[in-house]
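Open the model in a viewer and keep the sequence panel in view. The stops below each give a selection and then say what is there.

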Amino acid sequence: MAPSSSSLISSSSSSLSSSSSLSSFPMDGIAAIRQYIDRMLDSSALEKQRQLLGVVGNNNNNHNGINNNNNNNGTPNKMMMKAFLLDAVTTQIVSSVYSQTEILSKQVYLVTRLDEDDKKRQQRQPQEVVTTEVGHLTALVFCRPTPANIDYLGRELSSPRFRHYHIYFSSVLSTGLLRLLAEHDRWERVASVQEYFADFVPINPDLWTLQSTAHSLVLTTAAGTSWAPKYAAQYERQLQGLQSMLLAMKRQPTCIRYAGHSACAEELAQDLHEAILADDIFHFRGAVENNMHNMHNMHNMHTTTMNTTTTMNTTNTNTATNGGLVVLILDRRDDPVTPLLSQWTYQAMVHELLGLNNHRVVLKGAPNLEDNAELNEVVLSATQDAFFAKHLHSNFGELGEAIQFLLRDYQTQSAQHSSATQNFASLEEMQAFMEKFPQIRSQSYTVSKHVAILSELARLVETCSLLDVSQLEQELATSDDHSNHWRQLMEKLASPSIKVPDKLRLGLLYALRYETVGNLHMVQSAMSKGGVPQDWIQLLPILLRYAGKQARGPGLFGHYEHFSSKPNGLVLSKLMTKSFFLSNVVLLPSGGGADNIYAQHVPLVMETVQAVTKGKLSTRTHPIVPGSCRRPNLTAAAASTLIPSEVLIFMVGGITYEEGTKIHEFNVSNGSGGGGGGSGTTTTTTNSSSGHANSSAASLEPWQSNVQGKQHVVLAGSTVHNSTSFLDELRATSL
């Protein structure tokens with residue numbers, strides 16, 4: 001066994017070397033995660049690590065060959081050929097902020113999955129010698145710190161394919177897993193181990209998710225019961241993800257609050273508070289500190305020694321107006337209405353009708369697209385599509401007008417391009433034509449993609465009579481009119497033009513609204529006669545057990561229980577809902593003059609946002625975790641009246657795109673941007689070579705914002721639901 005060599009593990013959000021650049025701007029999940037990935041892929045940063053580790057290697061007889069990537073004259077290579085190894089979760093995280101083209105531009109010649117490589121390796125005959133298929137590449141490994149991933153890495157390191165391994169974990173790496181990793185590094189190929197807190201998926205700058213699609217609802221019902229240990233892994237994922245969000249943003253909460261009726265929210269809030277107290281990594285200070293996080297002496301181990309050093313290089317310059325950052329943990333069961341409604345904004349509508357999974361939309365099988373294989377699966381990402389970034393919060397009518405303009409602009413440029421091909425007067429003109437050709441081709445694909453999506457959305461709206469369905473949904477969600485609602489519901493359940501899934505949703509919404517006064521047995525009978533399968537009908541009593549009056553918290557149907565005092569003249573629908581018109585535009589059905597009837601509903605979370613940002617959120621409905629207030633000599637009653645500059649809302653059980661749109665509108669109305677949606681706002685950008693953020697508006701991306709408002713809210717959750725995923729998860733609760 002070779003003598004021990006040392007590897008450096010940097011374990012903090014200080015990996016972003018310019019901490020003040022992030023903390024002085026609104027919390028932007030895309031910018032933060034992208035900056036982490038920039039740092040990973042930055043060849044110059046890797047060379048600096050190698051130079052540092054080369055000194056260590058020389059002190060240990062240089063058995064790991066760290067210096068071998070230098071040129072003959074001793075200067076480091078600037079063009080480092082890299083492989084990028086990911087797991088299932090980090091693949092989603094990276095793809096949310098980086099396109100494949102951008103990754104390739106960083107001299108990454110291979111992107112692969114740890115688990116898939118492991119399967120291929122196990123299918124081959126075991127080899128005792130080091131493979132050299134891609135031995136000239138430096139491997140960058142980005143994965144979650146789980147036992148399964150350590151096993152994959154162990155088998156990879158036992159028969160290493162790459163020259164060196166720089167390993168980045170997306171959350172805190174335990175000492176036990178670190179020791180196990182060290183045992184596997186018998187070839188001493190690990191050059192560095194670091195913790196980059198990028199353990200969540202930023203869909204929009206102010207909308208984040210953990211993509212925990214399995215058991216998201218049952219997790220909340222199991223809390224405090226004897227079967228909670230069955231879902232301990234899912235719960236731990238929520239806790240680690242929430243910690244990662246705070247560390248990535250370099251924020252320490254001023255106080256932590258939770259939905260008082262939710263055992264899961266309470267447990268998560270308390271565990272988060274304890275995690276913050278137990279680890280100095282959350283205590284951001286200006287000086288560089290070495291707290292020796294996870295340090296262990298392994299000289300007696302028959303393996304590689306890995307001295308772990310936590311480097312803290314953070315400066316928290318968050319300038320709170322009053323209460324700093326408030327973390328508020330909510331429960332999906334308090335608002336079961338929002339996931340059941342039809343959607344009318346671009347991002348939410350695509351997710352509801354077509355499915356938007358990992359930024360991909362499957363159009364295969366859609367009418368009129370059979371001959372266009374290029375559009376079978378398309379990408380809808382705010383970081384990769386400027387049109388989508390601008391219009392993801394636009395309503396159906398606005399979207400049609402925007403696509404009309406996009407199409408006209410393309411037709412104009414295409415005509416100019418075509419005429420130019422017939423009048424070449426010089427080689428320079430031919431060269432200019434060829435340089436512009438890729439841009440025209442890219443624009444052609446963008447136009448085709450959005451026209452195809454809009455065409456399919458319009459077809460489904462008409463085929464499923466969604467305008468008619470949505471109007472009743474909105475009335476059930478926002479008003480009490482039992483006799484009128486009953487009549488309309490019976491008509492819809494008997495109508496052959498209403499699709500079965502929509503009949504189910506209407507029946508469930510009626511049951512939630514009129515749980516104690518409605519004839520639910522008759523509703524179930526009418527649903528059955530209308531063609532709703534019996535197992536679907538059984539979701540009605542399951543829903544009431546999950547989120548009926550006795551199970552959910554207060555405020556679902558607009559009684560303002562969240563406020564410590566009754567709001568004066570607050571009409572949330574007017575504050576939070578923009579005017580909504582369905583107009584006669586290309587590919588859209590006629591619906592002119594429908595002012596606001598399809599956007600009357602305001603999610604319950606917005607009532608909570610209004611209360612907490614005004615310092616009026618009741619401690620009766622949303623208690624404060626004892627000891628979580630960082631202000632000295634501050635009572636819980638006084639803490640509840642603090643007006644925060646930032647709010648991080650985490651919803652156990654999942655969020656929706658409708659809620660994300662309302663949060664975005666709130667941020668825009670407060671001048672804090674949030675990116676996208678045609679708000680015209682901008683944010684910081686990252687200089688990939690230095691890791692520092694720049695506030696130059698000229699280089700801003702479409703999703704970014706540099707406007708600092710009075711208050712900024714971020715919505716995060718276990719997953720992003722549409723009605724289908726919500727009902728599937730509801731069925732899995734077995735209530």
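Which residue in β12 is the bridge partner of isoleucine 256? Select isoleucine 256 together with valine 327, since valine 327 is the residue that stands as its partner. This is a predicted model, and every value in the tour is computed from it.

**Strand β9 and its neighbour**

Stay on β9, residues 255-258. The strand pairs with β12 in the parallel sense, over four bridges. Show its side chains: Cys255 and Arg257 point one way, while Ile256 and Tyr258 point the other way. Buried or exposed, what are these four residues? All of them are buried. The pattern is the usual one, in which side chains of a regular strand alternate between the two faces of the sheet.

**The whole sheet**

Now extend the selection to the six strands β7-β8-β19-β15-β12-β9, listed in their order across an open sheet with mixed pairing. The edges are β7 (201-204) and β9, each of which pairs on one side only. From one strand to the next the twist averages 20 degrees.

Next, select β15 (residues 646-652) and β19 (residues 712-717): they run parallel and are joined by six bridges. Within this pair, valine 647 of the sheet stands opposite valine 713 in β19.

**Helices on the sheet**

Add helix α10, residues 232-249, which packs on the sheet and touches β8 (207-209), β12 (325-331), β15 and β19. The direction of α10 makes about 165 degrees with that of β15. Then add helix α11, residues 263-278. Helix α11 lies across β9, β12 and β15, and runs at about 165 degrees to β9.

**Cysteines**

How many disulfides does the structure hold? The count is zero. Go back to cysteine 255 and select cysteine 629 with it: the sulfur of cysteine 629 has its closest cysteine sulfur there, at 4.8 Å, which is too far for a bond. The cut-off for a disulfide is 2.5 Å between the sulfur atoms. Cysteine 143 is another one to select; it counts as buried because its relative accessibility is 0%.

**Aromatic rings**

A search of the whole structure gives eleven aromatic pairs. One of them is phenylalanine 162 with tyrosine 165, an edge-to-face pair with 5.8 Å centre to centre and 80 degrees between the planes. Phenylalanine 162 and tyrosine 165 are both buried.

Move to tyrosine 346 and phenylalanine 388. Their ring centres are 5.5 Å apart and their planes stand at 75 degrees, so this pair is edge-to-face. Tyrosine 346 belongs to helix α12 (residues 346-353) and phenylalanine 388 to helix α13 (residues 386-391), so the pair ties together parts 42 residues apart in sequence. Both tyrosine 346 and phenylalanine 388 are buried.

Select Tyr36, Tyr168 and Tyr196 to see one aromatic cluster. For a ring with a charge over it, pick arginine 34 and tyrosine 98: the charged end of arginine 34 sits over the ring of tyrosine 98, 4.5 Å from its centre.

**The full view**

Finally, clear the selection and show the whole protein, whose secondary structure comes to 26 helices and 20 strands. Of its 735 residues, 57% count as buried. Among contacts between residues at least 6 apart in sequence, 81% join residues at least 24 apart.

Technical notes: Residues numbered from 1 in each chain as written. Predicted model: local features only at pLDDT ≥ 70, side-chain atom pairs only at ≥ 80, totals over all residues. Heavy atoms only, no water. Pairing = 2+ DSSP bridges. Helix = DSSP H or I, 4+ residues; strand = E, 2+ residues; numbered from the N terminus. Axes fitted to C-alpha atoms, helices over the stretch in contact; angles between N-to-C directions. Contact = heavy atoms within 4.5 Å. Buried < 20%, exposed > 50% of the residue type's maximum accessible area, 1.4 Å probe, protein only. Phe/Tyr/Trp six-rings, centres within 6.5 Å; stacked < 30°, edge-to-face > 60°. Lys NZ or Arg CZ within 6 Å of the ring centre and 35° of its normal.
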